[in-house]
Amino acid sequence: MTFDRLLEKIRYEGAYPTRERAEEALRAVLGGLGRQVTGEERVAFAAALPREAAQVFTAEAPGIDPAPAARFVDDLAARTGGTAATARWDAGTVLTAVSARMDPDLVTRVIESLPTGYALLFGRAQLLTTAA
């Protein structure tokens, strides 16, 4: 997958009016996610991205504890000057487009490494396990 093809998919899926707006969403979402994912999953996720997207994803060091999905969305809204609704849209659009071109097992590992709620941002159902 090339960076240009990824941007076109994001632009189309997110109904963004311009390529520049799609790239803004990609940069904000992947930059934010890069601060959440650590360890082996971080390395594998970055390796599965086009080079330009991987650079955005790895530009900042991750924090010690990943933020809950709701806080991730709120932080994204604050960084972009948008609302929680537009931040959820951006996150869902970008993460669904990115994950559609990745090994599903890698995406599952990344989601499982994060607090509850991220699966929905990746376009997946959040499966909960119950104690037996």
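**Exercise 1. Is Tyr-118 buried or exposed?**

Before you start, keep in mind that this is a predicted model.

*Solution.* Take the relative accessibility of Tyr-118, which is 0%. Buried means under 20%, so Tyr-118 counts as buried.

**Exercise 2. Find the aromatic pairs and work out how the rings of each one sit.**

*Solution.* Start with what you need for each pair: the distance of the ring centres and the angle of the planes.

Step 1. Count them: there are two aromatic pairs in the structure.

Step 2. Take Phe-45 and Phe-57. Their ring centres are 4.9 Å apart and the planes sit at 45 degrees, so this pair is tilted. The call rests on the cut-offs, with planes under 30 degrees apart counted as stacked and those over 60 as edge-to-face.

Step 3. Place those two rings on the chain. Phe-45 belongs to helix H3 (residues 39–48) and Phe-57 to helix H4 (residues 51–57), so the pair ties together parts 12 residues apart in sequence. Both Phe-45 and Phe-57 are buried.

Step 4. Now do Phe-72 and Tyr-118. Here the centres are 5.5 Å apart with the planes at 50 degrees, so this pair is tilted. Phe-72 sits in helix H5 (residues 69–80) and Tyr-118 in helix H8 (residues 118–121), which makes this a link between distant parts of the chain, 46 residues apart. Phe-72, with 2% relative accessibility, counts as buried.

Step 5. Look for a charge over a ring. Arg-42 lies over the face of Phe-57, 5.5 Å from the ring centre.

**Exercise 3. Take helix H5 apart: check its length, then sort its buried and exposed residues.**

*Solution.* Step 1. Work out the expected span. H5 has 12 residues, and at 1.5 Å a residue they should span 16 Å. The C-alpha atoms at its ends are 16 Å apart, so the two values agree.

Step 2. List the buried residues of H5: Ala-69, Phe-72, Val-73, Leu-76 and Ala-77. Seen down the helix axis, they fall within an arc of 135 degrees, so they line one face of H5. The spacing makes sense if you recall that an α-helix has 3.6 residues a turn, so residues three or four places apart point the same way.

Step 3. Check the other side of H5, where Ala-70 and Ala-78 are exposed.

Step 4. Ask what covers the buried residues of H5. The cover includes helix H2 (19–34), helix H6 (84–100) and H8.

Step 5. See what comes after the helix. Gly-81 follows H5 and has a positive phi, near 75 degrees.

**Exercise 4. Give helix H3 a similar treatment, and pick out one exposed residue.**

*Solution.* Step 1. The buried residues of H3 are Glu-41, Arg-42, Phe-45 and Ala-46. They cover an arc of only 125 degrees around the axis, which puts them on the same side of H3.

Step 2. Those buried residues pack against H2, H4, H6 and H7.

Step 3. Turn to the face pointing away, which carries exposed Glu-40, Val-43 and Ala-47. For Val-43 the relative accessible area is 59%, so Val-43 is exposed. Its C-alpha atom is 8.9 Å from that of Thr-58, a residue 15 places away along the chain.

**Exercise 5. Which residues touch the most other members of the largest nonpolar core?**

*Solution.* Step 1. The core has 42 residues, and the ones touching the most other members are Leu-30, Leu-33, Phe-45 and Leu-49.

Step 2. See who contributes. Two or more residues each come from helix H1 (3–14), H2, H3, H4, H5, H6, helix H7 (104–113) and H8. H2 gives the largest share, seven residues.

Step 3. Zoom in on Leu-33. Setting aside residues up to four places away in sequence, Leu-33 touches Phe-45, Phe-57, Phe-72, Leu-95, Leu-114, Tyr-118 and Phe-122. That list takes in the rings of both pairs from Exercise 2.

**Exercise 6. Compare the settings of Thr-93 and Ala-15.**

*Solution.* Step 1. Thr-93 is in helix H6. With 8% relative accessibility, Thr-93 counts as buried. Beyond its neighbours within four places in sequence, Thr-93 contacts Ile-10, Glu-13, Gly-14 and Tyr-16.

Step 2. Ala-15 lies in the loop between H1 and H2. With a relative accessible area of 61%, Ala-15 is exposed. Ala-15 is not a glycine, yet its phi is positive, about 55 degrees.

Definitions and conventions: Residues numbered from 1 in each chain as written. Predicted model: local features only at pLDDT ≥ 70, side-chain atom pairs only at ≥ 80, totals over all residues. Heavy atoms only, no water. Phe/Tyr/Trp six-rings, centres within 6.5 Å; stacked < 30°, edge-to-face > 60°. Helix = DSSP H or I, 4+ residues; strand = E, 2+ residues; numbered from the N terminus. Buried < 20%, exposed > 50% of the residue type's maximum accessible area, 1.4 Å probe, protein only. Lys NZ or Arg CZ within 6 Å of the ring centre and 35° of its normal. Expected span 1.5 Å × (residues − 1). Arc of directions from axis to C-beta. Contact = heavy atoms within 4.5 Å. Core = buried A, V, L, I, M, F, W, Y, C linked by side-chain atoms within 4.5 Å.
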